[in-house]
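Student: Could we go through this protein together, one question at a time? I would like to get to know the fold before thinking about individual side chains.

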Amino acid sequence: MLGLDPRNRSTTFMSAGHLVAAYRYPEVLRTARPGFSAERFLNGEGNTLYLCASARHQRLLAPLIVAIVSAVLEQAKGLARAGQPCSPCLRVLLDETANIAPLADLPQQLSEAGSQKIRFATVWQSLAQIRDRYGDAADATLAASTAKLFMGPVTDETTRRYMSGALGEALQEHEDHLSWRSKAGASELQQLERTAPCS
């Protein structure tokens, strides 16, 4: 890298600086110590790792969180290729997936996870958010997610359309004829109750 043209070298250092910018904060720098490794984490002992970021720090910490999650996933895939898949299986729970852990290769990770003893649960605000993050690969992301849970109210058009199509139509009886109607129309999906707050 040091042998690159000065302009290319400058761009490379700028990109690297952006990825590790979070270490300018003392509370993040304190976590930069030896101890954690993907190999040690996946030692079969049922370890748990929590990676959290406040809303105002999500963008800053995302590169670090992605790096840690990716290292664990690569280690799990390496074990599976060597005929020693994770036992128990590796469970990856990603809340605020688009913001805290925006894995660039998530659609591919989801499609390969089953054969590698990796189980994903991803949480999104809407299907529009998946499309915004993954573009044309959003459909692959949905297809590779075997179970889907939607919580209301559903207000964005992309999610409403998807749910209406997935639920299909129901036969409706009238006095003199039968007709088909969507099992969940736009107004019904918008009026779903919000989840009750914890007390």
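## A guided look at the fold

Tutor: Happy to. Among contacts between residues at least 6 apart in sequence, 61% join residues at least 24 apart. Keep in mind that this is a predicted model.

Student: How many helices and strands does the protein have?

Tutor: Let's walk along the chain from the N terminus, where the elements run α-α-α-α-β-α-β-α-α-α-β-β-α. The secondary structure comes to nine helices and four strands.

Student: What span does α4 reach from its first C-alpha to its last?

Tutor: Helix α4 covers residues 58-81, which is 24 residues. At 1.5 Å a residue, 34 Å would be expected. The span in the model is close to that, at 33 Å.

Student: At which residue does α4 bend?

Tutor: Just after α4, Gly-83 takes a positive phi of about 80 degrees, but that residue follows the helix. The bend belongs to α4 itself and comes to about 30 degrees. The residue to look at is Leu-64.

Student: Which element supplies the largest share of the largest nonpolar core?

Tutor: This core has 34 residues, and those touching the most other members are Leu-42, Leu-73, Leu-90, Leu-103, Ile-118 and Phe-120. Elements that each supply at least two residues include β1 (90-94), α5 (106-113) and β2 (118-122). The largest share is nine residues, and they come from α4.

Student: Which residues does Phe-120 touch, not counting residues up to four places away in sequence?

Tutor: Phe-120 is among the core residues that touch the most other members. Leaving out residues up to four places away in sequence, its partners are Leu-73, Val-92, Leu-94, Leu-106, Gln-109, Leu-110 and Ala-113.

Student: How many salt bridges does the structure hold?

Tutor: Let's list them by their pairs. Asp-5 forms one with Arg-7, with the closest N and O atoms 3.4 Å apart. Glu-74 meets Lys-77 at 3.0 Å, N to O, and Asp-139 pairs with Arg-131 at 3.1 Å. The number of salt bridges is three.

Student: Why can Glu-74 and Lys-77 meet along the helix, and how far apart in turns are they?

Tutor: An α-helix has 3.6 residues a turn, so residues three or four places apart point the same way. Side chains of opposite charge can pair when their charged atoms come close. Because Glu-74 and Lys-77 are three residues apart in α4, their separation is about one helical turn.

Student: Is Lys-77 buried or exposed?

Tutor: Its partner Glu-74 is partly exposed, with a relative accessible area of 39%. For Lys-77 the relative accessibility is 7%. Buried means under 20%, so Lys-77 counts as buried.

Student: In the salt bridge of Asp-5 with Arg-7, is Arg-7 buried or exposed?

Tutor: Asp-5 has 33% relative accessibility and counts as partly exposed. Arg-7 has 65%, and the cut-off for exposed is over 50%. Arg-7 therefore counts as exposed.

Student: Which backbone oxygen does the side chain of Ser-145 reach?

Tutor: Ser-145 lies in the loop between α7 and α8 (157-167). With a relative accessible area of 16%, Ser-145 is buried. Its side chain reaches, at 2.8 Å, the backbone oxygen of Thr-141.

How values were computed. Residues numbered from 1 in each chain as written. Predicted model: local features only at pLDDT ≥ 70, side-chain atom pairs only at ≥ 80, totals over all residues. Heavy atoms only, no water. Expected span 1.5 Å × (residues − 1). Bend = angle between axes of the 7 residues up to and from the residue. Core = buried A, V, L, I, M, F, W, Y, C linked by side-chain atoms within 4.5 Å. Buried < 20%, exposed > 50% of the residue type's maximum accessible area, 1.4 Å probe, protein only. Contact = heavy atoms within 4.5 Å. Salt bridge = Lys/Arg side-chain N within 4 Å of Asp/Glu carboxyl O. Polar contact = N/O pair within 3.5 Å; in protein donor to acceptor, adjacent residues only side chain to side chain.
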